[in-house]
Structures are given as C-alpha cells and as structure tokens.
Amino acid sequence: MIIQKPAVAGTVESSDALVSVEPGNGSVELTLTSSVMNQYGRQIKETVMETLERLGVDNVKINVVDKGALDCTIKARVECAVFRSCDASEKDIPWGGAVK
C-alpha cells in the first residue's frame, strides 16, 4: 500500500495507542513513545514493523504514542491509520486477511 496523505488512529487514553502516518522519504521511519518503553519497547517496535510489512508499506513516517496497549490494539491502530491514509473504502478493506 502507498501512504497518500497523513492519517491518525487511536487515542492517548490508558491501554490504547495513538498512531499517525504520513508519506515517507523512501523508507520506514518509526518514532515510538511509550509509558512501558523499558519493558516492552522492543516488542512494540516489532509489532509495528511486522504489521507494516504485512500491509506492504515500505515508505512511511509513523509515530506511535503508546499508553500500555496490547499487541492486538497496536496492530489494529496501525492498520486503521494506513487504510485511512490510502482512502480505502469498506469495499477495499481486506477484513480478516491483511493482518494476522
């Protein structure tokens, strides 16, 4: 997928994550801020990168502000932000197939 415009998904509430994406400069640029960075920072980064890879995104600036979200929440927020940035309609969203 090609990131066409800036998009955001999520909140900064406890147990959630705010994910913003915008077109990149030829690579994946991840910025991560987390209230549990020392314990789970590496796992959060892996989850974000794996989700982007499964979606076929390789040119993006992505900012994640994590407030203790579970992996499934992080995946959902990344997926939603990417789909919003591509103007994907309900017909175009591969429900149940894009993110494992």
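V12 lies in the loop between β1 and β2, and this residue of the predicted model is a convenient place to begin a tour of the fold. The protein chain contains two helices and four strands, which follow one another along the sequence in the pattern β-β-β-α-β-α. Of the 100 residues in the protein chain, 34% are buried. Among contacts with a separation of 6 or more, 74% are made by residues 24 or more positions apart.

**The loop between β1 and β2**

- V12 has a relative accessible area of 48% and is therefore partly exposed, since that value falls between the limits of 20% for buried and 50% for exposed.
- When neighbours within four places in sequence are left aside, V12 is in contact with L18, V65 and K67.
- Although V12 and G68 are separated by 56 residues in sequence, their C-alpha atoms are 9.8 Å apart in space.
- S15 is found in this loop as well, and its phi is near 70°, which is a positive value in a residue other than glycine.
- Most residues other than glycine have a negative phi.
- S15 is partly exposed, because its relative accessible area of 46% lies between the same two limits of 20% and 50%.

**How the strands pair**

- β1 and β2 run antiparallel and are joined by four bridges, and together they form a hairpin with six residues between them.
- Within this hairpin, A7 has V21 of β2 as its bridge partner, while V8 stands opposite S20 in β2.
- β2 also pairs with β4, in the antiparallel sense and over seven bridges, and here V21 stands opposite I62 in β4.
- V21 of β2 therefore takes part in two pairings, with A7 as its bridge partner on the one hand and I62 of β4 opposite on the other.
- β3, which covers residues 28-34, pairs with β4 in the parallel sense over seven bridges, and the bridge partner of E29 in β4 is K61.
- Between these two parallel strands the chain passes from β3 through α1 to β4, and this β-α-β crossover is left-handed.

**The nonpolar core**

- The largest nonpolar core has 22 residues, and those that touch the most other members are V21, V48, L52, I62, V78 and V82.
- At least two residues of this core come from each of β1 (7-10), β2 (17-23), α1 (37-55), β4 (60-66) and α2 (71-85).
- α2 gives the most to this core, supplying five residues.
- What does V82 touch, not counting residues up to four places away in sequence? Its partners are M1, I3, V21, L52, L55 and V57, and of these V21 and L52 are also named among the core residues that touch the most other members.

**Helix α2 and what follows it**

- α2 has 15 residues and spans 21 Å from its first C-alpha to its last, which is close to the 21 Å expected at 1.5 Å a residue.
- The buried residues in α2 are I74, V78, E79, A81, V82, F83 and S85, and the buried residues of this helix pack against β1, β2, α1 and β4.
- D87 follows α2 and has a positive phi, near 55°.

**Cysteines**

- How many disulfides does a search of the whole structure find? The search finds zero.
- Is C72 buried or exposed? C72 is exposed, because its relative accessible area of 52% is over the limit of 50%.
- C80, in contrast, has a relative accessibility of 26% and so counts as partly exposed, as this value lies between 20% and 50%.

How values were computed. Residues numbered from 1 in each chain as written. Predicted model: local features only at pLDDT ≥ 70, side-chain atom pairs only at ≥ 80, totals over all residues. Heavy atoms only, no water. Core = buried A, V, L, I, M, F, W, Y, C linked by side-chain atoms within 4.5 Å. Buried < 20%, exposed > 50% of the residue type's maximum accessible area, 1.4 Å probe, protein only. Contact = heavy atoms within 4.5 Å. Right-handed = clockwise from strand over helix to strand, strands pointing away. Disulfide = S-S within 2.5 Å. Expected span 1.5 Å × (residues − 1).
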